[in-house]
Amino acid sequence: MSTPFSVTDYLRQHIRTVPDWPAPGVQFRDITPLLQNPRVFRVLIDAFVHRYMEPGLRPDVVAGLDARGFIIGSVVAYELNVGFVPIRKSGKLPFTTVQETYELEYGSATVELHTDAVAQGQRVLLIDDLIATGGTMLAGKKLLEKLGAQVTEGAAIVDLPELGGSARLREGGLKLFTLVDFDGH
């Protein structure tokens, strides 16, 4: 008799924790091992694709947050046969953009989206690698909504619930789906 396969446990085993990076006391959750092994990468992508193939959850387009959200989001979009749009850091997109500025621990940051990236009423899946404080994903949601899109869900590989980002996003009206939670940061 075989043991049941847990996608969460399998993925967790392939996420590297780097202590004291980028600052003392931080436990950095590194997803690059998930991408390096083709079998693990397939399990990761399939976990998202199988969820979003469901008719009630299927997006019209996937939006990925700069930069690791591009990696996951573009492959998920390809597998779902829908379009992909990048939400970039300020100054990286060549066409007319809308911007959203959000607060960081020390200062602020701005993300941008092309004004023609999504159409009015399109159902958008917003995806990134990790939810920490939630600022980037919330800014991405606001950008998409400025253009009239409906952000149906935010998705990430990792949630760091102790940092409050997932709670903040839910309070902001965003449904979330994450594959692995880590206590502590």
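Helix α3, the sheet and the loops around them

Helix α3, covering residues 38–52, has 15 residues and spans 21 Å from its first C-alpha to its last, which is close to the 21 Å expected at 1.5 Å a residue. The model in which this helix appears is a predicted one, and the description that follows should be read with that in mind. At the start of α3, the backbone nitrogen of Arg-39 has a side-chain oxygen of Asn-37 within 2.8 Å.

Much of what can be said about α3 concerns its surroundings. The buried residues in this helix are Val-40, Val-43, Leu-44, Ile-45, Ala-47, Phe-48, Val-49 and Tyr-52. Their cover includes helices α1 (7–13), α2 (32–36) and α4 (68–80), together with the strands β7 (123–131), β8 (150–159) and β9 (176–181). The helix lies across β7, β8 and β9, and its direction makes about 155 degrees with that of β8. A further helix, α5 (residues 135–146), packs on the sheet as well, where it touches β3, β4, β5, β6, β7, β8 and β9 and runs at about 155 degrees to β5.

The sheet itself can now be followed strand by strand. It is an open sheet of seven strands with mixed pairing, and the order of the strands is β5-β6-β4-β3-β7-β8-β9. The edges are taken by β5 (97–104) and β9, and because each of these has a single partner strand, one side of each is left without a neighbour in the sheet. On average, and with direction ignored, neighbouring strands of this sheet are turned by 20 degrees against each other. Within this arrangement, β4 pairs with strand β6 (residues 107–114) in the antiparallel sense over two bridges, and Arg-88 stands opposite Glu-112 in β6.

The edge strand β9 leads back to helix α3 by way of aromatic side chains. A pair of aromatic rings is described by the distance of the centres and the angle of the planes. In this model the count of aromatic pairs comes to five. One of them joins Phe-48 and Phe-177 in an edge-to-face pair, with 6.0 Å from centre to centre and 80 degrees between the planes. This pair links distant parts of the chain, since Phe-48 belongs to helix α3 and Phe-177 to strand β9, 129 residues apart. Phe-48 counts as buried with a relative accessibility of 0%, and Phe-177, at 18% relative accessibility, counts as buried too. The rings of Tyr-52 and Phe-177 have centres 6.3 Å apart and planes at 85 degrees, and therefore this pair is edge-to-face. Because Tyr-52 lies in helix α3 and Phe-177 in strand β9, the pair ties together parts that are 125 residues apart in sequence. Both Tyr-52 and Phe-177 are buried, and ring pairs link Phe-48, Tyr-52 and Phe-177 into a cluster.

Another buried position is found in helix α4, the helix that holds Ala-77. Ala-77 has a relative accessible area of 1% and is buried. Leaving aside residues up to four places away in sequence, Ala-77 touches Val-62, Val-82, Gly-83 and Phe-84. The C-alpha atom of Ala-77 is separated by 9.6 Å from that of Gly-64, a residue 13 places away along the chain.

The loops hold some backbone details that deserve a separate look. In the loop between β1 (16–19) and β2 (27–30) lies Pro-22, and the peptide bond that leads from Trp-21 to Pro-22 is cis, with omega near 5 degrees. The loop between β1 and β2 also contains Asp-20, which has a positive phi of about 60 degrees although it is not a glycine. Asp-20 is partly exposed, its relative accessible area being 46%.

A second cis peptide bond runs from Asp-66 to Ala-67, with omega near 0 degrees, and Ala-67 has its place in the loop between β3 (61–65) and α4. At the loop between α4 and β4 (83–89) the reader finds Asn-81, a residue other than glycine whose phi is likewise positive, near 60 degrees. Asn-81 is exposed, with a relative accessible area of 69%.

Conventions:
Residues numbered from 1 in each chain as written. Predicted model: local features only at pLDDT ≥ 70, side-chain atom pairs only at ≥ 80, totals over all residues. Heavy atoms only, no water. Helix = DSSP H or I, 4+ residues; strand = E, 2+ residues; numbered from the N terminus. Expected span 1.5 Å × (residues − 1). Buried < 20%, exposed > 50% of the residue type's maximum accessible area, 1.4 Å probe, protein only. Contact = heavy atoms within 4.5 Å. Polar contact = N/O pair within 3.5 Å; in protein donor to acceptor, adjacent residues only side chain to side chain. Pairing = 2+ DSSP bridges. Axes fitted to C-alpha atoms, helices over the stretch in contact; angles between N-to-C directions. Phe/Tyr/Trp six-rings, centres within 6.5 Å; stacked < 30°, edge-to-face > 60°.
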